[in-house]
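Please open the structure in your viewer and keep the selection tool at hand. The tour moves from one stop to the next.

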Amino acid sequence: MPKYRGIGVGLLGAGVVGSRVAEFLLAKPSGEGLNFNHHPLTLRSILIRNPQKHREFQIPPELVTTDPAALLENPDIDLIIEVIGGEYPAADYLNRAITNSKHVVTANKEVMAKHGPELLAQAAKFNVQLRFEASVGGGIPIIGPLSNNLVADDLYSIRAIINGTTNFILSSMVRGRLSFEKALEEAQRLGYAEGDPSNDIDGADAAYKLAILASLAFQTRIHTSDIYVEGIRNLHTKDFQYASELGYAIKLLAVGKKGANDVQVRVHPTLIPKEDLLAKVEGAYNAIQIEGHLIGSVMFSGLGAGGLPTASAILSDALGIARHLLSQERAPLTDGVLPSGNPITKTLRVQSLDELKTQYYIRLSVHDRSGVLAQIASIMGDHGISIASVIQKDANLSLGTAEIVITTHPSQEVAMQKALADFRMLPVVDAVESLIRLDTASL
Ligand code: NDP
Ligand code: HSE
């Protein structure tokens, strides 16, 4: 009988997340915070890019390599954990690991959003597991529930705060009355936002995560290009103040809705009623609300980023695979994915943004004189948009200017865009300062 050699692990990446994963895999049995004493996972090799880089966690030099083949082609490695990030070479490495019959765990939302269904199909073909719990919401369990615990339900709604960096910035803009620029600086100083924060603040990171969530929840392929994306760069402190006076918080919300034959997927700043649970999610926290015909509404929340929570999700995925490999029955490897290995069972049409019907918050800079409101109301009436409230703010008598803040009843996006174009043509309107969509779905 061959000597039991444990389950060999190859780790791609040893940055914020990878160094934590390595630390725990190499920890002594009583490693603080660990819930597994005698795990069968043996870390055999770690791929990095720059061996000269200073690292707070000292990686045993004998494990370090810059050669991906040392892991991907290594017969002593059964499981690859990928935490290098970015689309390439990560997607190629994952594919290569799978075709070499290695199980894989990844935290990479970009790869899973762009290549997830193909990689899952490939994993099923090679009878290995691909798990990706850490790709959305850091340590929050959400991929497992969507892949397993909620599959019986016809899920029809996702409303989610899934980018911790932007939620931290928005919270600072409210609490500290900071401008966007100052709040971003603070997020960078505290290590929440990266040096180049554009993926977070322009909404791409949330869109990758929404593509993964919506593909799983609605069992239809959602490409990132299907998602309407608007980031938080143009939000102004005034909007937080006015929104608050109207009873709303502003969040970067990822929304997925399923109709009978189509889906709607979008990421944009959104006014949420203050009493909505999502409005209370502060700082770097994430929260995901899922609605289904059987379950009603469920909410998952917690730390959506950071080395420790993300390592928790990755190690749990790795242990799940280990449990499978060690189980007596050797049941077919379907844990974490639907039996086909690919969750896509439907082809639903993706709605264009023009088809959206929702409420809106609009802030206009106008000349402060008689007849202005009547002209604005007339344009809205012409486009079939019904006004819910109007307030005049910041009137400046010497300049003769004011701001008008309007909220609407549910209206068509296409009509709203035409109304905005008409507002811009009005001589009494200096600027359309803000257009923010409202979401009241869970109330
Ligand atoms: P980091 O940038 O901190 O670390 C990346 C690591 O991968 C580094 O060790 C780097 O090597 C290595 N690496 C990058 N490119 C290559 C390459 N081409 N070849 C070899 N090694 C490479 O990233 P994070 O740890 O923050 O993130 C990793 C993944 O986890 C990403 O997909 C991210 O989206 C995801 N994630 C991150 C979270 C977080 O809080 N940070 C939360 C949830 C998910 P070197 O050290 O030599 O530079
Ligand atoms: N940059 C992400 C965020 C963390 O701010 O939520 C990794 O998913």
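The stops below visit the two ligands in turn.

This is a predicted model, in which local features need pLDDT of at least 70, side-chain atom pairs count only at pLDDT 80 or more, and totals for chains, interfaces and linings use all residues. Residues are numbered from 1 along each chain as its sequence is written, chains are lettered from A and ligands numbered from 1 in the order in which they are written, and side-chain values use heavy atoms, with hydrogens and water left out.

Select ligand 1 first, and then its surroundings: of the 22 residues around ligand 1 (each with a heavy atom within 4 Å of it), Ala 14, Asn 50, Arg 55, Lys 109 and Gly 306 come nearest. Among the polar contacts to look for (pairs of N or O atoms within 3.5 Å), a polar side-chain atom of Arg 55 is 2.8 Å from an oxygen atom of ligand 1, while a polar backbone atom of Gly 306 lies 2.6 Å from an oxygen atom of ligand 1. The protein buries 80% of the 900 Å² that ligand 1 exposes when taken alone (accessible areas by the Shrake-Rupley method with a 1.4 Å probe).

Next, select ligand 2, whose surrounding residues are Lys 109, Asn 163, Gly 164, Thr 165, Asp 200, Asp 205, Lys 209 and Ala 305. Here a polar side-chain atom of Thr 165 lies 2.5 Å from an oxygen atom of ligand 2, and a backbone N or O atom of Gly 164 lies 2.7 Å from an oxygen atom of ligand 2.

Finally, colour helix H6 (164-175) and helix H9 (204-218), which each supply at least two residues of the shell around ligand 2; helices are DSSP runs (H or I) of at least four residues, numbered from the N terminus.

Key. Polar contact = N/O pair within 3.5 Å; in protein donor to acceptor, adjacent residues only side chain to side chain.
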